[in-house]
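Please open the model in your viewer and keep the selection panel at hand. The tour goes from one selection to the next, and at each stop it says what is to be found there.

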Amino acid sequence: MEKKLPTIEIIEKYCKGCHICVEFCPTKVLEMQGFVVAVKNLEACIKCMQCELRCPDFAIKVTP
Amino acid sequence: MAFDYDKYIRPGKLPHIWCPGCGHGIVMKGLIRAMDSLNMKKEETAIVSGIGCASRLPGYMDCCTLHTAHGRAAAFATGVKMAKPEMNVILVGGDGDGTAIGGNHFIHACRRNIDMTYIIMNNYIYGMTGGQFSPCTPTGAKASTTPYGNPDPGFDIAKLAIGAGATFVARGTAYHATQIDKLIAEAIQHKGFSVVEILDDCPTTYGRRNKYRSVVEMMNRLKEVAVPVKAAEKMTAEQLEGKVLTGVLHKVEQPEYCEQYAKVLQRAQAAK
Ligand SMILES: Cc1ncc(C[n+]2csc(CCOP(=O)(O)OP(=O)(O)O)c2C)c(N)n1
Ligand code: SF4
Ligand code: SF4
Ligand code: SF4
Ligand SMILES: [Mg+2]
């Protein structure tokens with residue numbers, strides 16, 4: 001069975017580019033693109049929610 | 001679904017003013033998750049602060065909020081609680097607000113055991129005013145007012161709260177985000193004065209003066225120094241050197257102030 005991919009929404013107008021989500025993602029799903037974050041490798045996401053929990057700016061939402 | 005923070009945030013208030021990587025936003029999210037887990041009603045919850053970056057938090061919360069004078073959150077909050085004991089009263093603020101100018105209010109709120117919860121965001125510095133040292137700045141650390149290193153030892157906020165009589169004291173960090181809501185929720189449920197210290201980061205005024213090259217380095221430091229109380233029981237004094245205990249550090253039952261005060265009223269009325 002194919003696994004269901006999560007949806008990762010980035011609210012660019014809230015993101016301040018602090019790198020927290022990128023650095024602490026255990027499977028390196030995210031990357032910086034200029035000053036804001038972007039999804040690089042959605043397939044690798046293990047839906048741990050750590051990026052959403054640690055973002056100080058309410059800028060990243062993961063729907064498993 | 002992703003967690004819906006918007007339900008406790010005043011419409012149109014985001015983005016907030018905090019700097020990139022400032023942990024205050026992580027703490028606010030923890031508070032919102034705690035409130036949601038306890039099904040707290042906005043109109044029955046008062047969030048009270050003093051002055052500082054941390055003290056800007058109530059402005060974003062769609063609850064009954066009070067942004068008061070520097071260091072005076074406890075005094076205003078006590079007034080709210082005495083007038084409306086049925087309300088949930090939550091105090092928020094920084095290390096400077098709570099342990100310098102507000103230190104006296106802090107210790108007496110602890111002693112009084114009034115049923116409120118105090119979330120203190122300890123970033124070891126006066127962030128808002130440009131990085132002067134606070135009573136929590138560690139020995140040797142640099143602030144704008146200690147450019148050659150701080151000669152003073154910093155306060156241990158949790159120990160201060162326990163010593164002053166708080167009946168629930170916990171500590172977490174901005175790095176350990178999943179723990180923040182649980183500690184706050186347990187503190188809110190505790191009957192009496194509960195204190196939750198969150199070790200926080202101020203990359204702008206503390207980090208850059210103290211050789212942290214990035215927000216991530218500051219987060220890694222929080223990750224490294226924190227030791228859960230349970231794990232600490234099995235560690236030697238040597239292993240615990242330079243570490244900070246996290247989790248619920250102190251919890252006792254004591255008569256609560258509003259209830260005691262109601263009894264005073266009854267006695268006074270009976271004596272007439
Ligand atoms: C009576 C008074 N004295 C001094 C100030 C200036 N002041 C504003 S915020 C602040 C310190 C805030 O530090 P902290 O509570 O640690 O909050 P942070 O900004 O670090 O989150 C000071 C000294 C003030 N606003 N009012
Ligand atoms: S949910 Fe976990 S694995 Fe997925 S992007 Fe966020 S931090 Fe990475
Ligand atoms: S943690 Fe939030 S603010 Fe920081 S880079 Fe990621 S999405 Fe942007
Ligand atoms: S100055 Fe420091 S405490 Fe204030 S918002 Fe910026 S990082 Fe946060
Ligand atoms: Mg501070």
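For the first stop, a residue is taken to be near a molecule if one of its heavy atoms lies within 4 Å of it. Bear in mind throughout that this is a predicted model.

Select ligand 2 and display the residues around it, which are A:Ile8, A:Cys25, A:Pro26, A:Thr27, A:Val29, A:Cys45, A:Ile46, A:Lys47, A:Cys48, A:Met49 and A:Cys51. Coloured by class, this shell around ligand 2 shows nine nonpolar residues, one polar residue and one charged residue.

Move next to ligand 3, whose surrounding residues are A:Cys15, A:Lys16, A:Gly17, A:Cys18, A:His19, A:Cys21, A:Val37, A:Cys55, A:Pro56, A:Asp57 and A:Ala59. The shell around ligand 3 divides into seven nonpolar, two polar and two charged residues.

Now bring both protein chains into view and select the contact between them, to which chain B contributes 28 residues and chain A contributes 20 residues. Together the two chains, B and A, bury about 2000 Å², with 67% of that area on carbon and sulfur atoms. On the chain B side, pick out B:Ala2, B:Lys29 and B:Val216, since these lose the most area to chain A and together account for 25% of what that side buries.

What kinds of polar interaction are counted between chain B and chain A? The count of salt bridges between chain B and chain A is zero, while eight residue pairs, both residues at pLDDT 80 or more, are in polar contact. Staying on the side of chain B that touches chain A, select helix 1 (24-37), helix 6 (177-189) and helix 8 (215-225) of chain B, each of which supplies at least two residues to that side. Helix 1 of chain B gives the most, with six residues. By class, the residues of this side of chain B divide into 20 nonpolar, five polar and three charged.

For the last stop, select strand 10 (residues 244-251) of chain B together with strand 7 (residues 168-173) of chain B, which pair in the antiparallel sense over four bridges. Within that pairing, B:Arg171 has B:Gly247 of strand 10 as its bridge partner. Then add strand 9 (residues 226-228) of chain B, which pairs with strand 10 of chain B in the parallel sense over three bridges; here the bridge partner of B:Val227 in strand 10 is B:Leu245. When following side chains along these strands, recall that in a regular strand they alternate between the two faces of the sheet.

Conventions:
Residues numbered from 1 in each chain as written. Chains lettered and ligands numbered in written order. Predicted model: local features only at pLDDT ≥ 70, side-chain atom pairs only at ≥ 80, totals over all residues. Heavy atoms only, no water. Nonpolar A, V, L, I, M, F, W, Y, C, P; charged D, E, K, R; others polar. Contact = heavy atoms within 4.5 Å. Buried area = accessible area lost by both parts, 1.4 Å probe. Salt bridge = Lys/Arg side-chain N within 4 Å of Asp/Glu carboxyl O. Polar contact = N/O pair within 3.5 Å; in protein donor to acceptor, adjacent residues only side chain to side chain. Pairing = 2+ DSSP bridges.
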